[in-house]
Amino acid sequence: MLLAKTVSVVTGGGSGIGRAIALTFAREGSAVVVADLREERAESVAAEIDAAGGMSLAIGADVSTVAGVDHLFARATSVFGTVDILVNNAGASIGNDLRTIESDVWDRNFAIVLKSAFLCSKAVLPGMIDKGKGVILNIASVNGMMGLSEEAYSAAKAGMINLTQNTALRYGPYGVRANCIAPGTVDTPIWSERKAVDPDVMQKLAVWYPLGRVGTPEDIAGAALFLASDAASWITGVVLPVDGGLTAGQFRMGQGLVPKE
Ligand code: NAD
């Protein structure tokens with residue numbers, strides 16, 4: 001098992017990508033703290049882990065606030081004693097058009113995506129530095145790498161990429177690795193409102209991907225497992241697009257230039 005004898009915290013672990021990461025890490029031997037704003041979601045994923053023979057702890061917490069993060073890590077360390085792997089996965093995209101977005105909504109995007117990663121990293125770093133080992137994995141987005149709309153959310157994700165790089169530089173000498181995954185479109189409940197308006201949105205987005213489909217939560221969990229494990233012990237500060245080739249180039253333009261076979 002790749003994560004035997006470790007304790008992981010997965011924020012936003014009650015749904016979609018976070019759920020898949022939590023289940024995968026537990027299957028690989030990690031005791032997983034499933035943290036989610038929606039406590040019932042965290043409990044449901046923790047129950048899935050337990051039913052499969054894994055070890056889990058569900059915690060309801062808003063990781064965009066100091067109080068929520070204090071609560072999360074006080075509970076997690078009182079039960080498991082330590083945190084070896086932190087996955088900053090909680091995220092949401094709200095509002096966005098610069099002409100109409102209110103200042104507090106802009107701030108909320110940054111709090112959910114970026115401040116949460118800062119607060120949770122701050123909470124785990126002293127323990128990781130004491131042990132001389134630890135992994136921080138930030139779930140950013142291809143939106144943080146290029147212009148794809150959702151301005152506030154995307155700017156916060158770009159900040160998350162830079163936060164990852166600086167975390168890797170400053171704490172690498174203490175044995176802490178920090179990496180970032182930038183997922184492309186992944187079919188999760190985050191898309192449910194959009195699907196309600198346009199049921200074909202996933203099929204429409206799939207044509208932009210060289211691999212011909214959007215992603216699954218398990219596509220991201222596989223990359224997360226690799227980066228969290230000792231198989232990646234000399235990898236830090238990277239931004240790994242897990243995106244079916246979306247950011248490799250201008251796929252549709254390239255297709256237009258290549259003669260049809
Ligand atoms: P999701 O909505 O299925 O799950 C996100 C979970 O985070 C939810 O359970 C939600 O309750 C929780 N959450 C939200 N705010 C929180 C807070 N303040 N504190 C604690 N928990 C909170 O979404 P998902 O698609 O699984 O997204 C997971 C991550 O992946 C997000 O950071 C998202 O931005 C990123 N991402 C998703 C996609 C995609 O297409 N699905 C693409 C790129 C990046």
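**Close-up views of a predicted model**

**View 1. Strands β2 and β3 lie side by side in this predicted model.** Ala35 has Ile59 as its bridge partner in β3. Between the two strands the chain passes through helix α2, residues 39–51, and the resulting β-α-β crossover is right-handed. Strand β2 covers residues 30–36 and pairs with β3 in the parallel sense, over six bridges. Strand β3 itself, residues 55–60, is mostly covered, since five of its six residues are buried.

**View 2. Ser30 is a buried residue of strand β2.** How is Ser30 classed, buried or exposed? Its relative accessible area is 1%, and buried means a value under 20%; therefore Ser30 counts as buried. The side chain of Ser30 makes a polar contact of 2.7 Å with the side chain of Thr6.

**View 3. The ligand is surrounded by 29 residues.** The closest of these residues are Ser15, Asp36, Asn89, Tyr153 and Thr188. Two helices, α1 (16–27) and α5 (151–171), each supply at least two residues of the shell around the ligand. When the shell is sorted by class, 14 residues are nonpolar, 10 are polar and five are charged.

**View 4. Backbone atoms of the protein approach polar atoms of the ligand.** A backbone N or O atom of Asn89 lies 2.7 Å from an oxygen atom of the ligand. For Ile17, a polar backbone atom is 2.8 Å from a ligand oxygen atom. At Val63, the ligand contributes a nitrogen atom instead, and the distance to a polar backbone atom of this residue is 3.0 Å. How much of the ligand does the protein bury? The ligand taken alone exposes 830 Å², and 94% of that area is buried by the protein.

**View 5. Strand β6 is largely enclosed by the rest of the structure.** The strand spans residues 176–183, and the reason for this description is that eight of its eight residues are buried. Both faces of β6 are covered. On one side the buried residues are Val176, Ala178, Cys180 and Ala182. On the other side they are Arg177, Asn179, Ile181 and Pro183.

**View 6. Strand β6 pairs with β5 and with β7.** Strand β5, residues 134–139, runs parallel to β6 and is joined to it by six bridges. Within this pairing, Asn138 has Cys180 as its bridge partner in β6. The chain goes from β5 through α5 to β6, forming a right-handed β-α-β crossover. Strand β7, residues 239–242, also pairs with β6 in the parallel sense, here over four bridges. Cys180 stands opposite Val239 of β7.

**View 7. Ser149 and Glu150 lie in the loop between β5 and α5.** Which sign does the phi angle of Ser149 have, positive or negative? Ser149 has a positive phi of about 75°, although this residue is not a glycine. Glu150 is likewise not a glycine, and its phi is positive at about 55°. Most residues other than glycine have a negative phi. Exposed residues have a relative accessible area over 50% and buried ones under 20%, with partly exposed residues in between. Ser149, at 48% relative accessibility, therefore counts as partly exposed. Glu150 also counts as partly exposed because its relative accessibility is 28%.

Conventions. Residues numbered from 1 in each chain as written. Predicted model: local features only at pLDDT ≥ 70, side-chain atom pairs only at ≥ 80, totals over all residues. Heavy atoms only, no water. Buried < 20%, exposed > 50% of the residue type's maximum accessible area, 1.4 Å probe, protein only. Pairing = 2+ DSSP bridges. Right-handed = clockwise from strand over helix to strand, strands pointing away. Near = heavy atom within 4 Å. Polar contact = N/O pair within 3.5 Å; in protein donor to acceptor, adjacent residues only side chain to side chain. Areas by Shrake-Rupley, 256 points an atom, 1.4 Å probe, with all protein chains shown as cover. Nonpolar A, V, L, I, M, F, W, Y, C, P; charged D, E, K, R; others polar.
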